[in-house]
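The following exercises are to be worked with the sequence and the coordinates at hand. Each task is followed by a solution in steps.

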Amino acid sequence: MEQEQLDTLKERVHAFMREDAYRPLPEAEVRTGLGLPDAEEQILSSALAALEAEGAIIRNRSGLYGLPTRMNLVVGRLSMSPKGFGFIIPDVRATEDESDVFVPGSALATAMHGDRVVARVTPSEMPGRAREGEIIRILERANTHIVGTFERSKAFGFVTPDSAKIGRDIFILKKDFGGAKTGSKVVVEITKWPEERRSAEGRVIEVLGKTGDPGVDVLAVMRAYDLDANFPPAVAEAAARCPENPLPEEYAGRRDRRDFPIVTIDGEDTKDIDDGIYAYEKDGGFFLGVYIADVSHYVRAGEPLDTEAARRGTSVYLVDRVIPMLPKELSNGICSLNEGVDRLSMACEMEIGADGEVRSYEIVPCVIHVARRLTYTLVNRVLAGEEPYVSDNEDIRPMLETLRRLREALRAKRHRRGSIDFELPEIKVKLDAEGHPVALVKRTGSIGESIIEECMLIANETVARHMELKEEPFVYRVHETPNAEKIERFQSLLAALGLRLHIDEDGKVQPRDIQQVLDHVKGAPEERIIGAVALRSMQQARYATASLGHFGLAARYYTHFTSPIRRYPDLLVHRLLRETFATGHIPAEKRERLRATLAEAAEHSSARERIAIEAERETTDMKKIEYMAQFVGETFEGIISGVTAFGIFVELENGVEGLVHVSTMVNDYYSYVEEQYAMVGERTGMRYRLGDAVTIIITRADVQARTLDFVLKDNGVYEPNMAKPVKTAAKPKASGEKSSGGRGRRSRKKKNEKRHEPIIADVAATPAERRKKTRGAHGTQGKRVQEGERAARTAAASVPAKPRATAQRADGTRGQRPARAQQTGTERPNRGRGKSSDRYDDERGPRDYHRVKVTGLNSAVWPDPPGYRAQRPDTQTEEKPRRAPRPARRMNRKTEGGTGNAE
């Protein structure tokens, strides 16, 4: 009761400050303005303190309370760049066009990435530039636990965070080492936040293992994102009490669909099966039943299973494991639509015309019995007419043919209304038993996957329309119109390629306009690049309580109904549907309570989804870099996928992307011409444009920094002897094991022999092996220049080393990749291992899924890639006079609290 009273008073105070107060006020005047008696002075103080902690109001130095927006302040979440600056994403924007707030490194105070802060704002002096701010207060700290690598000395230690966005090391006292040794990957709990001249302090609470050991890399990502495969005891106990099969008394009040030959279609390794389908032709059209696991029957609101599922928000599909939203007793057991057993289900049964339009439908609870568990591979082979698959599956072939015709009708309807299809391949990393990558497998869509996709999309649309027309509280999946600025950039790219995107008089673009551009370039060399840029131009899909439509699908109504085992919003949707079964409407007393709570649940689910996508992408990118480490020094064909002032990004055929830094382009001075999306040579006029094909040499693959560096074969110099491979843990070799095959040294390729399969990553190859492997393969100057370079290095080696100065290179710094849209693409089937129902909500969508996130591009000073040397006339190198060596000055790590510092 006291909490409700406090919440009510907070709303009154905030409304008073917003509508009636024309200046900052002391507490006494706030009380007078609200007409509160003196007896409520204490609760008013509590309400003001709570609002101040939330950042809704600000108390200034004079003790007066006011609104941040009227005090030239902004409240929001800090997003850091590894280069040392950050942006504040405001909680509230006065207008849609209001920009984020840029915060230079000198104005960060002690704020860290993810902190919720208050900043004083200065308008930008240049039009089109972001506002600038200075952080004056930290409302909420985000990083209570940090994952990093431990380094120790006798009296203290440091942890270097894995995240480049956390730019400060964590100081560890000797008593807080927790058994960690130098090189250990650890989890640190912050015990003292950073101050102006002091780093944060912490204590080691978990040692994950030695950096490079099998499984430690993925485990570190799990800890960094607070992902736990284990469930709390109360949740585990509740799951253990769940029956293995539904009880007969639970069938009451449900439609009996056990005589329907329902099938499921999934991947071979799928264990959590959400959905089944059944279809036949009827009255010139189709009957389609979509049967979804009735998770809401077993996971009741407010119980331990529900509380934990809501906290997790979604299942997370990392590169080598699944972290489920629900315990396996439910996700793989009683809730999973397994073959040959009865299951409780929520059904959407529809009659669909030949034109793909839904004529009628029913949403009902039922009990089903899955007749067959099919796989995408089997369905594809049956529909392709392959033997013996056709003759072995004659019982289901007629329904599969019906489903194919239904899929064609549904796709045709979507295309008529302008739905966008991004047909981009997905790259999957194949691992061995110890978690080492052995192959990158490209996956493209198939007829089996497309059948499921179309069935799930129409069910989601039907359920969303059903609840919107009832005007009941609900959770929708929304994808809003693209940002005008991103569409303008996309239009400029198309103009550079001789294409044009239609934009109406209001400056708006329609989905069909984007699809027309994609259809125009289908099969052309620039198809993949234009598709990727269009994808990044989309808004981020999210969950909301308002039906705002889905731009990518050109759908007026959309929700997520079909994956309640692995997505919490789907579970909420099932509960809300269940509330309407008795009377057709949600009871009035529940309706208002739901309106107050659903918005927060939708926002939390969107946030958890983004975390899951980031973790999935990080583990995948990490393994891709590890896989490519074996190919350092080798030549590949690629497509320019990005152009910036500091270089060009090149994407290889296997979906991996790396950087060609401008400093390695040696035949001219190159400038970035933004309107052409190109780097252009000043003297030669040579142009490297987005979408162009190039040949590159891989010069470095750094698993820890997540970087992959290239040089252009015809416009750069690669010196194999200077390229030191980044060390990672080698795969242990059994005694007596031969070096050929497996992860050992690769055999020499015979003349004119073609490599048909990619080689298993040899990340443990020695420098000598790499020299032998690449000797004479690359370079442009020949033996004479190489001898000159070796002489120069010999002369330089005789001079004592000087401490390294932190100076910015004249040839430019390594900057960040241009920001890309976070959730882009078209809706995908609401199922599968880690696939979201749409590529807008799945940042691991076809383009972004396989893009390597080169986080190392953000370092403030960018060194030349290993193996690069400037191309210069072949002149005789003068050897510097020798002098007696002197002891090198020992460099100590910068420490805190009175320890002698040397930098």
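**Exercise 1.** How many bridges join strand 30 to strand 31, and in which direction do the two strands run relative to each other?

Solution. The model is a predicted one. Begin with strand 30, residues 678-681: 3 bridges join it to strand 31, and the two run antiparallel. Within this pairing, methionine 679 stands opposite tyrosine 688 of strand 31. Next, place the pair in its sheet, an open one of 3 strands in the order 29-30-31 with antiparallel pairing. Strand 29 (670-673) and strand 31 (687-689) each have a single partner strand and stand at the edges, so one side of each lacks a neighbour in the sheet. Finally, neighbouring strands of this sheet are turned by 20 degrees against each other on average, direction ignored.

**Exercise 2.** Determine the strand order of the barrel and describe what lies across it.

Solution. The barrel is closed by 5 strands in the order 8-9-10-12-11, with mixed pairing. From one strand to the next, the twist averages 50 degrees. For one pairing in detail, take strand 9 (residues 156-161) and strand 10 (residues 170-173), which run antiparallel and are joined by 4 bridges. Here phenylalanine 156 stands opposite leucine 173 in strand 10. Then turn to helix 4 (residues 216-224), which lies across strand 8 (145-152), strand 11 (184-192) and strand 12 (201-210). Its direction is at about 145 degrees to strand 12.

**Exercise 3.** Classify the packing of helix 10 against helix 11 as parallel, perpendicular or oblique.

Solution. Two packed helices are described by the angle between their axes and by the distance between those axes. Helix 10 (residues 397-417) and helix 11 (residues 447-470) pack at an angle of about 60 degrees, with axes 9 Å apart. Angles of 65 to 115 degrees count as roughly perpendicular and those under 35 as roughly parallel; helix 10 and helix 11 are therefore oblique to each other. The crossing of helix 10 past helix 11 is left-handed. Among the residues that meet are Arg404, Arg407 and Leu410 in helix 10 and Glu453, Glu454 and Leu457 in helix 11. The residues of this contact divide into 7 nonpolar, 1 polar and 9 charged.

**Exercise 4.** Over which residues does pLDDT stay under 50?

Solution. Consider the chain as a whole: its pLDDT averages 80, and 79% of the residues score at least 70. Then locate residues 724-789, where pLDDT stays under 50 and the model has 90 contacts beyond four places in sequence. Residues 828-903 also stay under 50, with 249 such contacts. Where pLDDT is low, the predicted coordinates should not be read in detail.

Conventions. Residues are numbered from 1 along each chain as its sequence is written. This is a predicted model: local features need pLDDT of at least 70, side-chain atom pairs count only at pLDDT 80 or more; totals for chains, interfaces and linings use all residues. Side-chain values use heavy atoms; hydrogens and water are left out. Two strands pair if DSSP finds at least two bridges between them. Axes are lines fitted to C-alpha atoms, for helices over the stretch in contact, and angles run from 0 to 180 degrees between N-to-C directions. Contact means heavy atoms within 4.5 Å. Angles under 35 degrees count as roughly parallel, over 145 as roughly antiparallel, 65 to 115 as roughly perpendicular and the rest as oblique. A crossing is left-handed if the near helix is turned anticlockwise from the far one by less than a right angle, and right-handed if clockwise. Ala, Val, Leu, Ile, Met, Phe, Trp, Tyr, Cys and Pro count as nonpolar, Asp, Glu, Lys and Arg as charged, and the others, Gly among them, as polar. pLDDT is the predictor's confidence in each residue, from 0 to 100.
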